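Me: I want the labels on this structure justified, one at a time. Give me the value, then the rule, then the verdict.

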Amino acid sequence: MSHYRPRWQYEQETAATRAERMRWWRESRFGMFVHFGLYALLGRHEWVMATECIPREEYETLAQRFHPKPGAPRAWARLARQAGMKYMVMTTKHHEGYCLWNTQQTDFNSVKTGPRRDLVAEYVEACRAEGLKVGFYYSLMDWHHPDGGRCHYDPAARRRFIEFTHGCVRELMTQYGPIDILWYDVKRPLANAEGWEADALNQMVRALQPHILINNRSGLPEDFSTPEGEVRAQPGDRGRGWEACMTFNGTSWGYLVGGEVDAWSARDIVKMLGKACARGGNLLLNIGPTPEGDVPPDAVAPLQTVGRWLGRHGEAVYGMLDESGGGFPSFCGMTSRKGHVVYFWRTVWCGTEQGLGGYETPLTSVTCLTTGQPVRFVQEGYRIRLLDLPERCPDPECGLAVFRLEFEREPVFKWLPTTPAIVAGWTP
């Protein structure tokens with residue numbers, strides 16, 4: 001391939017452009033994940049084909065029953081915008097192998113069966129209409145393709161499956177204009193990046209989409225890691241980004257009948273977002289549309305509420321945040337920071353006074369973003385006290401207020417040796 005370079009050269013080139021390519025993503029902080037496929041028809045988790053041992057031939061028949069309404073992705077994108085999300089990532093092909101675009105690699109797709117429409121095209125159009133960046137999820141694992149399992153032990157099958165995989169990704173990178181994110185998933189059954197020829201695959205992707213961001217699930221670290229089910233950075237993330245991907249009900253990525261009993265509240269979502277902001281990461285929150293393509297009802301009100309909350313508190317979320325708010329951790333909240341400004345997210349409203357410790361730099365002003373009102377404070381050594389706070393949290397919807405603390409300069413934090421927790425050997 002004319003675009004292929006030695007691995008070391010490719011790594012140097014991507015590292016050199018990473019900060020610029022990722023800036024919009026870091027500033028966006030919050031995105032929507034969408035898992036949509038044939039599994040929605042069964043409503044028992046997106047792994048239902050595997051976990052219930054449904055034969056391939058029986059599962060294939062679901063395609064003839066799959067008839068999402070035209071333009072369904074527009075409702076997803078509209079809700080994402082209302083929620084304050086800035087980008088979306090949709091499953092173009094999940095592990096079941098059903099492709100949602102007009103692929104030439106297999107007839108098991110949404111144009112030749114079921115809706116007989118290019119659902120990826122509808123999704124891309126919806127994202128752009130709502131001003132959202134466009135991300136494609138692509139599962140390397142494939143339960144439908146005849147070589148999807150055989151490739152593990154049969155060299156000829158592996159060669160066919162690699163050509164199928166690279167062909168699918170090439171189509172996604174060439175048929176829909178600029179694409180902002182490529183989100184791989186599950187590199188089984190091949191054990192590593194070499195097995196998938198991921199180096200050549202990703203170099204091809206970047207040749208076609210120079211500004212794209214690629215995650216780490218092809219076996220190569222690329223631009224960002226994807227901790228799943230927890231809002232926490234992973235080892236080796238320094239110099240790269242990280243994005244916590246979370247379901248909406250703690251159980252299923254796809255549509256789950258009855259999943260609303262465990263659905264996140266708006267407060268839950270804001271707290272997850274706060275953890276990501278405090279630790280310098282992003283939050284990718286999933287919805288699993290119904291078979292008709294509707295947003296699950298349990299997701300609508302919480303996400304709209306989050307959007308209203310971000311309308312008042314977005315300053316603490318969007319933009320280039322520093323990795324830590326610093327100071328001693330508060331068990332009543334968490335902090336995010338931009339330069340000389342620290343945002344304290346008070347998650348527990350425990351009275352009319354709040355203390356923050358470990359700040360050596362002089363504090364010049366405090367404002368409650370929730371109310372827009374200044375807050376009286378006292379700074380004594382490394383101790384800050386916010387005073388005369390309301391008896392009850394002024395945020396009626398999420399019960400989470402944010403305070404803007406502006407320091408004289410970028411704050412310096414100091415762990416005092418006389419602090420009991422430090423003496424006991426505890427460290428943050």
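Reply: What follows takes the labels on helices, strands and charged pairs in turn, for a predicted model.

Me: Start with the helices. Why is α11 called oblique to α12?

Reply: Helix α11 (residues 266-278) and helix α12 (residues 297-313) pack at an angle of about 50 degrees. Roughly parallel needs an angle under 35 degrees, and roughly perpendicular runs from 65 to 115. About 50 degrees fits neither class, so α11 is oblique to α12. Their axes are 8 Å apart, and the crossing is right-handed.

Me: What makes α11 and α12 a contact, and which residues meet?

Reply: Contact means heavy atoms within 4.5 Å. From α11 come A266, I269, V270 and L273. From α12 come P302, L303, T305, V306, W309 and L310. By class, that contact has 9 nonpolar, 1 polar and no charged residues. T305 is the polar one, because Thr is not among the nonpolar or charged types.

Me: Why are α8 and α10 called roughly parallel?

Reply: The axes of α8 and helix α10 (residues 198-208) cross at roughly 15 degrees. The limit for roughly parallel is under 35 degrees. The value falls below that limit, so α8 and α10 are roughly parallel to each other. The axes come within 10 Å. This crossing is right-handed.

Me: Which residues of α8 and α10 meet, and what classes do they belong to?

Reply: H166, V169, R170, M173 and T174 in α8 meet L201, M204, V205 and L208 in α10. By class there are 6 nonpolar, 2 polar and 1 charged residues. R170 is the charged one, because Arg counts as charged. H166 and T174 count as polar, because His and Thr are in neither of the other lists.

Me: Now the sheets. What makes β5 and β6 edge strands?

Reply: Eight strands form an open sheet in the order β5-β4-β3-β2-β1-β8-β7-β6, with parallel pairing. β5 (213-214) and β6 (224-225) each pair on one side only. That is what marks them as edges.

Me: How do you know that β4 and β5 pair?

Reply: Pairing takes at least two bridges. Strand β4 (residues 181-185) is joined to β5 by 2 bridges, running parallel. The count meets the cut-off, so the two strands pair. L182 stands opposite I214 in β5.

Me: Which helices pack on this sheet, and at what angles?

Reply: Helix α8 (residues 155-174) lies across β2 (87-93), β3 and β4, running at about 170 degrees to β3. α11 touches β1 (30-34), β7 (241-246) and β8 (282-287), and its direction makes about 150 degrees with that of β8.

Me: What makes β13 and β14 a hairpin?

Reply: Strand β13 (residues 376-380) and strand β14 (residues 383-387) run antiparallel and are joined by 5 bridges. There are 2 residues between them. G381 in the turn has a positive phi of about 65 degrees. F377 stands opposite L386 in β14.

Me: What sheet do β13 and β14 belong to?

Reply: An open sheet of 3 strands, ordered β11-β14-β13, with antiparallel pairing. Its edge strands are β11 (354-357) and β13. The twist averages 20 degrees from one strand to the next.

Me: Last one. Why is R74 with E130 called a salt bridge?

Reply: The closest N and O atoms are 2.8 Å apart. The cut-off is within 4 Å, so the pair qualifies. R74 is in helix α5 (residues 73-82), and E130 is in the loop between α6 (119-129) and β3 (133-139), 56 residues apart. The whole structure has 33 salt bridges.

Key: Residues numbered from 1 in each chain as written. Predicted model: local features only at pLDDT ≥ 70, side-chain atom pairs only at ≥ 80, totals over all residues. Heavy atoms only, no water. Axes fitted to C-alpha atoms, helices over the stretch in contact; angles between N-to-C directions. Helix = DSSP H or I, 4+ residues; strand = E, 2+ residues; numbered from the N terminus. Parallel < 35°, antiparallel > 145°, perpendicular 65-115°, else oblique. Left-handed = near helix turned anticlockwise from the far one by under 90°. Salt bridge = Lys/Arg side-chain N within 4 Å of Asp/Glu carboxyl O.
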